[in-house]
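This report is meant to be read beside the sequence and the three-dimensional view. Its headings go from the whole chain to single residues.

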Amino acid sequence: MDDELSLSLSPPAVSRLAALVLLDGGGDLQFDYIIPAELADTVFVGSRVEVPLRHQPKPGTVLEIYELSPDDQRSLRRVIRTFGDRPQITRAVLKLGQWVSDYYCVPLHTVRRYMLPESIHSDKHRDKVRRIARLARPVTEEELEKMRKRAPRQAEIVEVLQQAVEKDEAVETSAFPSAPSLKALVRLGIARIDEEQIVRDAYADEDFIPTTPLSLNAEQQEALDVILRAVEAPREQKPVLLYGVTGSGKTEVYLQAAQKVIDSGRNVIILVPGISLTPQTVDRFRSRFATIQQEVAVLHSQLTQGERYDGWQMILRQKARVVIGTRNAVFAPLENLGLIIVDEEHESSYKQENELRYHARDVAVVRAMMEPCAIVLGSATPALESWYNASRGKYTMVSMTERADGAKLPIVRVVDMRLERKRSSKGEPSVLSEQLRIAISKRLDRGEQSILFLNRRGFAGSIQCQVCGHSVKCNHCSVSMTSHKELGRLVCHICGFQRIPPKVCPECNDPGILFAGFGTQRAEEVLRRVFPKARIARVDTDTMKEKSALRDTFNAFLARKLDIIIGTQMIARGLHFPGVTLVGILNADLSLNLPDFRASERTFSLLTQVAGRAGRGELFGEVVIQTFSPHAPAIQFSRHHDYEGFCEQEFEFRRQCGYPPFGHAVLITARGEHQRRTEFSLETLHKRLLENIPHEILMGDPIPSPLEKSHNQFRYQVLLRARLTKTMTEHIRKVLAATKLSHDVMITVDVDPVSLS
Ligand code: ADP
Ligand code: ZN
């Protein structure tokens, strides 16, 4: 291209500096460009720039800057301009992005979009400013008197501004009807107009009363000391796993650790699993840091575009001292990091499930290592992966075994639903056992509150015998098989093994084997019928579509305007309701029989988290678990609040089957509107993989996903397992690049999947 050549050779002041630029948009294009001398001071690693590509200027991000060697004969084109005079992605975050791209098998430009969201560099959401009028100098009474005669409008303005100075208020220019008079005052040097950025704060309407640090108990102090040692010498220290039972005061430890880091001049990132899940946690942080309210940035998905823009600007201008946010906040371009806190680190919502399937906790650990800074992962039920890392000495563990508020752990009762069925005449599954019904009505009599919990996921379920509790598992994988109606079969989602669903229970020969379960709506109906006078609210994704609905319901519950909340996962986390003395788990089997090797871990952690909601105040708590499998380890260990015992036996199972944490998994999914083409694409890919992969990689057969069809797309999947991720991703990448597939079928590669559906 001739004109390209002439452009790039056009002199004069060409520095010897060049930039490697990653262009926005698909293809992961990276090219070198000369940095013209006049831009040399404003182009940095992480800067957003405009560069020529063919005949078009294109936006991109500077990945590297280097000096051209004298014998470099390439004729490079030049950077056209920069956006802003400072880098918008820090060097550390850029390095982190490269790691994420590599580990999770996603193009760097996709990761880049999460490091710097589109809304931040688009023009639409520019800073909102207000114009403030101020006196530029004192005006004497004499002077004012003269002015009143000569220019009464100007005099009025001066008077208002004088009053504003006394009251220490700011007056916006729009308060004055006469713009020319104000301008005249500015010209005369009497007034001046300042532009101030308005920070759109989602929490502006709420008052945060500053809270003072509590005096820590011995366990908390020990935890704080360990964290602060890591803050002092992050290079020599490992990630800290803070294992503390619910109510042991972990949040107080985070708050004091964060405070110390801020006092020492460094900054803090706090990750929370999901804002809607933990509004109270965020509020506790905002309250504690109320005095530096202007320096706390909150990042989560429910902010308006404008609020998000301002939050990011605060961080980009290095004004934020604390960033609290959901998983994407792990990419916040905050410099001078002292500490990263990952609250409820076991939560599966840290795993993003879209085009970029990364795990924010794992990425946070890598970031802490790169910065370097301290990191603390906290949970009452750490993920098995984290527990394993602690037991191998890769993490430092501190534990807190006592509840800080002096409350006792609740009594846990397990109700055997197999006996309930014998009692009821109809064949349908019972929603409310006699024991739970009595427990609820006692609470209603005493004016105490109850939470009822139902873990319900929307896809085809497992089948379970209502008489003996037996559920059908894969012979090879020890994981519950899932019914696929279209196939008319049960399928194992690990290895792909299929079988015809049994007509009678293989254990007890009863024909009462059927699909397990009922939904929250059904449960609500039953409750309203049994307790017509109770004030009941249902909390699930259907009833909580409105942004504020969840907050409102929780506030009503806190204010004791409700007696019973019935809900899904949404009510399980991080909430603190002093009036709750009863927690009922309506059907523990729903999560026990998930088609996933994590079913048991999920159930244990869910039961523990939910039980932690009971008896957090002065009152004693009780938990009632309804189940068809009362002897399942997840239920028995959680009943005795024995996380370590649970881990030990679960490790045995995982080790035997080679499941994580004893190895890694990668899930490949094909989606498409055309069923045959989608299935065929995955089969082709599977065949190519078989020809290529070494035998230390275990690969299952291609099968329909547990959620066979979603958003009008058919889904097929195959699971790979090996000791190291890299072994798998290297081969997958190679095979994907060399295999031509139908263009309307989308392939996703999910590294370390947290859900097999
Ligand atoms: P966790 O985050 O481990 O579930 P929280 O931080 O929510 O525990 O603490 C549970 C309760 O104990 C809260 O009401 C908190 O205010 C209180 N608490 C925490 N630390 C202390 C302390 N040192 N002294 C008295 N109360 C405390
Ligand atoms: Zn299997």
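What follows describes the overall make-up of the chain, then the ligand site, and then a selection of local features.

## The chain as a whole

The model is predicted, and every value in this report was computed from it. The chain contains 23 helices and 31 strands, and of its 757 residues 55% count as buried. About 34400 Å² of the chain is exposed, with carbon and sulfur atoms supplying 50% of that area.

Contacts in the chain often link distant parts of the sequence: among those between residues at least 6 apart, 75% join residues that are at least 24 apart. One pair that illustrates such separation is isoleucine 463 and asparagine 593, which are 130 residues apart in sequence while their C-alpha atoms are 8.4 Å apart in space. Isoleucine 463 belongs to strand S18, which covers residues 463-465, and it counts as buried because its relative accessibility is 6%, where the cut-off is under 20%.

## The surroundings of ligand 1

There are 18 residues around ligand 1, and those that come nearest are Ser215, Gln220, Gly247, Lys250 and Thr251. Sorted by class, this shell is made up of four nonpolar, nine polar and five charged residues. Helix H9, which spans residues 250-263, contributes three residues, the largest share of the shell.

Several polar contacts can be located on the ligand. Glutamine 220 places a polar side-chain atom 2.8 Å from a nitrogen atom of ligand 1, whereas glycine 249 and lysine 250 approach through their backbones. For glycine 249, a backbone N or O atom lies 3.0 Å from an oxygen atom of the ligand, and for lysine 250 the corresponding distance from a backbone N or O atom to a ligand oxygen atom is 2.9 Å. On its own, ligand 1 has 560 Å² of accessible area, and the protein covers 78% of it.

## Buried residues in helices H3 and H12

Helix H3 runs over residues 108-115, and because seven of its eight residues are buried, the helix is largely enclosed by the rest of the structure. The buried residues of H3 are Leu108, His109, Thr110, Val111, Arg112, Tyr114 and Met115.

Arginine 367, in helix H12, is also buried, since its relative accessible area is 1% and the cut-off is under 20%. When its neighbours within four places in sequence are left aside, arginine 367 is in contact with Val93, Leu96, Ile269, Val330, Phe331, Ala332, Leu334, Leu337 and Ile340.

## Backbone features in the loops

Cis peptide bonds can be found at two prolines discussed here. The bond from glutamate 371 to proline 372 is cis, with omega near -10°, and proline 372 sits in the loop that lies between helix H12 (360-370) and strand S14 (374-379). Another cis peptide bond joins proline 660 to proline 661, with an omega of about 10°; proline 661 is located in the loop between helix H21 (643-657) and strand S27 (664-672).

Positive phi values also occur in residues other than glycine. Arginine 560 has a phi near 60° and is part of the loop between helix H17 (549-558) and strand S24 (564-567), where its relative accessible area of 40% makes it partly exposed. Aspartate 752, likewise not a glycine, has a positive phi of about 50° and is placed in the segment after strand S31 (746-751). With a relative accessible area of 16%, aspartate 752 is buried.

## Cysteines

How many disulfides does a search of the whole structure find? The search finds zero. Cysteine 657 is accordingly in no disulfide, and the nearest cysteine sulfur, which belongs to cysteine 477, is 7.2 Å away; a disulfide would need the two sulfur atoms to be within 2.5 Å.

Cysteine 657 is buried, because its relative accessible area of 19% falls under the 20% cut-off. Cysteine 373 is buried as well, with a relative accessible area of 5%.

Definitions and conventions: Residues are numbered from 1 along each chain as its sequence is written. Chains are lettered from A and ligands numbered from 1 in the order in which they are written. This is a predicted model: local features need pLDDT of at least 70, side-chain atom pairs count only at pLDDT 80 or more; totals for chains, interfaces and linings use all residues. Side-chain values use heavy atoms; hydrogens and water are left out. A residue is near a molecule or strand if one of its heavy atoms lies within 4 Å of it. A polar contact is a pair of N or O atoms within 3.5 Å; within protein, one must be able to donate a hydrogen and the other to accept it, and residues adjacent in sequence count only if both atoms are side-chain atoms. Accessible areas come from the Shrake-Rupley method with a 1.4 Å probe; for residues, only the protein chains shown count as cover. Helices (H or I, at least four residues) and strands (E, at least two) are DSSP runs, numbered from the N terminus. Ala, Val, Leu, Ile, Met, Phe, Trp, Tyr, Cys and Pro count as nonpolar, Asp, Glu, Lys and Arg as charged, and the others, Gly among them, as polar. Buried means under 20% relative accessible area, exposed over 50%, partly exposed in between (1.4 Å probe, protein chains only). Contact means heavy atoms within 4.5 Å.
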